[in-house]
Amino acid sequence: MQAETLKRSAQKTDTMRLIGLRGPECADKLDHVLSALPGVAQVSVSLADEKMTITYDTAQMSVQRLQVAVADAGYEAMKPVHGQDGNCCGGCGG
């Protein structure tokens, strides 16, 4: 009997700035597209703040793949931000 190799999954939540949202239908479309991706547990797209918060399984999804999915939908997702105001907190040097 062969031992199975199990990938350890870890959920991660990132917030990314969005470029190109023009109205509520854009936010709804992006929410729908991202929710359908494998490993994505939760998505919240804020038109007012022009950012999204997404929780995903790092064994199945990466920031780069999320950015590609956003681009394929017609928008742009910037790298994750960490501060309360949507800007980098400065601790990571980003």
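Start with the nonpolar core: the largest one in this predicted model has 21 residues. Select Leu-30, Leu-34 and Met-52, the residues with the most contacts inside that core. Then colour by element: strand E1 (11-19), helix H1 (24-35), E2, E3 and helix H2 (63-72) each supply at least two residues of the core. As background, nonpolar side chains in soluble globular proteins tend to be buried together.

Stay on Met-52 and show its surroundings. Leaving aside neighbours within four places in sequence, Met-52 is in contact with Asp-14, Thr-15, Met-16 and Leu-18. The same list for Met-52 also includes Leu-34, Ser-44, Val-45, Val-70 and Ala-77.

Now zoom out to the whole chain. You should see two helices and four strands, and walking from the N terminus the order is β-α-β-β-α-β. Of the 94 residues in the protein chain, 33% are buried. Switch on a surface if you like: the chain exposes about 6200 Å², and carbon and sulfur atoms supply 48% of that area. For a feel of how the chain folds back on itself, take the contacts between residues at least 6 apart in sequence: 60% of them join residues at least 24 apart.

Next stop, the hairpin. Select strand E2 (residues 40-46) and strand E3 (residues 51-57); they run antiparallel and are joined by six bridges. Four residues lie between the two strands. Click on Glu-50, which sits in the loop between E2 and E3. What is the sign of its phi, given that Glu-50 is not a glycine? The phi of Glu-50 is positive, at about 55°. With 43% relative accessibility, Glu-50 counts as partly exposed.

Slide along E3 to Thr-55. Across the hairpin, Gln-42 has Thr-55 as its bridge partner. Is Thr-55 buried or exposed? Thr-55 counts as buried, because its relative accessibility is 13% and the cut-off for buried is under 20%. Turn on side chains here and look for Thr-13: the side chains of Thr-55 and Thr-13 make a polar contact at 2.8 Å. Beyond its neighbours within four places in sequence, Thr-55 is in contact with Gln-11, Lys-12 and Thr-13, and also with Gly-39, Val-40, Ala-41 and Gln-42.

Now select Pro-80, which belongs to strand E4 (residues 76-81). Which residues does Pro-80 contact, once neighbours within four places in sequence are set aside? They are Asp-14, Thr-15, Met-16 and Val-63. Asp-14, Thr-15 and Met-16 should ring a bell, as they are also among the contacts of Met-52. Put a distance label between the C-alpha atoms of Pro-80 and Met-16: they are separated by 4.5 Å, although the two residues are 64 apart along the chain. Pro-80 has a relative accessible area of 18%, so it is buried.

Finish on His-32, in helix H1. Why does His-32 count as exposed? Its relative accessibility is 61%, and the cut-off for exposed is over 50%. For a last distance label, pick Val-45: C-alpha to C-alpha, His-32 and Val-45 are 10.0 Å apart in space, and 13 residues apart in sequence.

Methods: Residues numbered from 1 in each chain as written. Predicted model: local features only at pLDDT ≥ 70, side-chain atom pairs only at ≥ 80, totals over all residues. Heavy atoms only, no water. Buried < 20%, exposed > 50% of the residue type's maximum accessible area, 1.4 Å probe, protein only. Contact = heavy atoms within 4.5 Å. Areas by Shrake-Rupley, 256 points an atom, 1.4 Å probe, with all protein chains shown as cover. Pairing = 2+ DSSP bridges. Core = buried A, V, L, I, M, F, W, Y, C linked by side-chain atoms within 4.5 Å. Polar contact = N/O pair within 3.5 Å; in protein donor to acceptor, adjacent residues only side chain to side chain.
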